[in-house]
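Work through the exercises below with the sequence and the 3D view side by side. Try each task before reading its solution.

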Amino acid sequence: MLNRRTLRIKVLQTIYGYELQQDQTIQKSKSLLSLLITNYYKAYLLSLQFIVKTALYNQTYRERMAEKHIKSKVSENYPITLANNPIIQAIENDKNYQTAIEDTKLQHQIKAEDLKILYGNLSKKEQYKNYFNDNELTFEKHQKILIYIFNKILLKSDLFKVHFEDQFINWYDIRELVYRSINDKIRACTTANLSFSTFYQPLGNERKFFAESLLIKTINAKKNNFNLIEPFLKNWDIERVTTIDIIILRMAIIEFCEFGEIPVKVTINEYIELSKIYSTPKSKEFINGILDKLMRNLKESGKIKKTGRGLLNL
């Protein structure tokens, strides 16, 4: 779920915070990075649980209607199409999903009265009515209704927003990533890979090591790496070079020299992408130009030593 690009973003955010706070230490920054990653996984799981429970409330709603009306009419007027959505069923019935919810202590986070409100909002929408009245539902249609629920019902709900703001102190740092992850995972699932593991993969030791090493090495090598960067800044207006730009360059140098399995072209492309998202409109050109010169300089001095996959395009 958290690929290297995402981890680079979290490391960038953590280093930026480190540089702004005078009393910050490397250990505190490492703890902050760990918190960002942990909270991302918890927020992702909680978002997924909101989708599942909102869908399953379809069954609860029908049962309540059955207490008030003739059962035959309930079957006709209150179908449980959403509760029977194959993606919802695959997640809900997977023991690994239940275990993950329990391990992160999320099983009691969502209240029944909140689900009643959310499902009530959903039940009024034409998209939902079209879904449960559709006699030729395809897997793609099952996907689309869940994406609609997440983007148009949950994310538009103040109830949902307040819940996450109260639960996660760094919600604004992780929310866009959580939103994107949920949408990507729903779109990517197929009938062939329909299980909870499709939607949730804990951070492995290799990627955890990558993130922590990138953070610590970039902070520790600040002076040395800026000395490598400074000669290439002569043709640029130094006042327009942002703190983020310099951090991006320092991180890239660490990847060039310390992570032998990552090709230099991959590193350059990844940090150009980060500059597009987190820096100024002209940063892409700046980062691209400086990284190319840095890479050539480091190769000539023998500081870039790649192995395995890292030898690609060297």
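Buried means under 20% relative accessible area, exposed means over 50%, and partly exposed lies in between, with a 1.4 Å probe and protein chains only as cover. This is a predicted model, in which local features need pLDDT of at least 70, side-chain atom pairs count only at pLDDT 80 or more, and totals for chains, interfaces and linings use all residues. Residues are numbered from 1 along each chain as its sequence is written, and side-chain values use heavy atoms, with hydrogens and water left out.

**Exercise 1. The whole protein**

Describe the secondary structure, the box and the burial of the protein.

Solution.
Step 1. Take the secondary structure: there are 16 helices and zero strands. Helices (H or I, at least four residues) and strands (E, at least two) are DSSP runs, numbered from the N terminus.
Step 2. Box the C-alpha atoms along the principal axes. They fill roughly 80 × 40 × 35 Å.
Step 3. Check burial. The protein has 314 residues, and 46% of them count as buried.
Step 4. Look at contacts (heavy atoms within 4.5 Å). Among those with a separation of 6 or more, 79% come from residues 24 or more positions apart.

**Exercise 2. Helix H16**

Find which residues of H16 are buried, and which elements they pack against.

Solution.
Step 1. Locate the helix. H16 covers residues 283–300, 18 residues in all, and reaches 26 Å from first to last C-alpha. That is close to the 26 Å expected at 1.5 Å a residue. The expected span is 1.5 Å times one less than the number of residues.
Step 2. List the buried positions: Ser283, Phe286, Ile287, Ile290, Leu291, Leu294, Met295 and Leu298.
Step 3. Look down the axis. The buried residues of H16 fall within an arc of 150°, so they line one face of the helix. The arc is that of the directions from the helix axis to the C-beta atoms.
Step 4. Turn to the face away from the buried side. Glu285 and Glu300 are exposed there.
Step 5. Find the packing partners. The buried residues of H16 pack against H13 (222–229), H14 (243–258) and H15 (264–278).
Step 6. Inspect one partner. H14 is mostly covered, with 13 of its 16 residues buried.
Step 7. Move past the end of H16. Gly302 follows, with a positive phi near 75°.

**Exercise 3. Salt bridges**

How many salt bridges are there? Trace the partners of Glu261, Glu270 and Glu273.

Solution.
Step 1. Apply the rule: a side-chain nitrogen of Lys or Arg within 4 Å of a carboxyl oxygen of Asp or Glu. The count comes to twelve salt bridges.
Step 2. Start with Glu261. Its salt bridge is to Arg4, with the closest N and O atoms 3.2 Å apart. Glu261 lies in the loop between H14 and H15 and Arg4 in H1 (residues 4–20), so the pair ties together parts 257 residues apart in sequence. Glu261 is partly exposed, at 33% relative accessible area.
Step 3. Go on to Glu270. Glu270 pairs with Arg5, and their closest N and O atoms are 2.9 Å apart. Glu270 is in H15 and Arg5 in H1, 265 residues apart, so this pair also links distant parts of the chain. Glu270 is buried because its relative accessibility is 13%. Arg5 is partly exposed at 33%.
Step 4. Stay in H15 for Glu273. Its side chain meets that of Lys276 in a salt bridge (2.9 Å, N to O). Glu273 and Lys276 are three residues apart, about one turn of the helix. Glu273 is partly exposed at 25%, and Lys276 is partly exposed at 43%.
Step 5. Look for shared partners. Salt bridges join Arg5, Arg8, Glu255 and Glu270 into one network.

**Exercise 4. Two loop residues**

Where do Ile169 and Lys105 lie, and are they buried or exposed?

Solution.
Step 1. Place Ile169 in the loop between H9 (158–167) and H10 (171–188). Ile169 counts as exposed because its relative accessibility is 77%.
Step 2. Place Lys105 in the loop between H5 (95–103) and H6 (112–123). Lys105 is exposed, at 64% relative accessible area.
Step 3. Check the backbone. Lys105 has a positive phi of about 55° although it is not a glycine.
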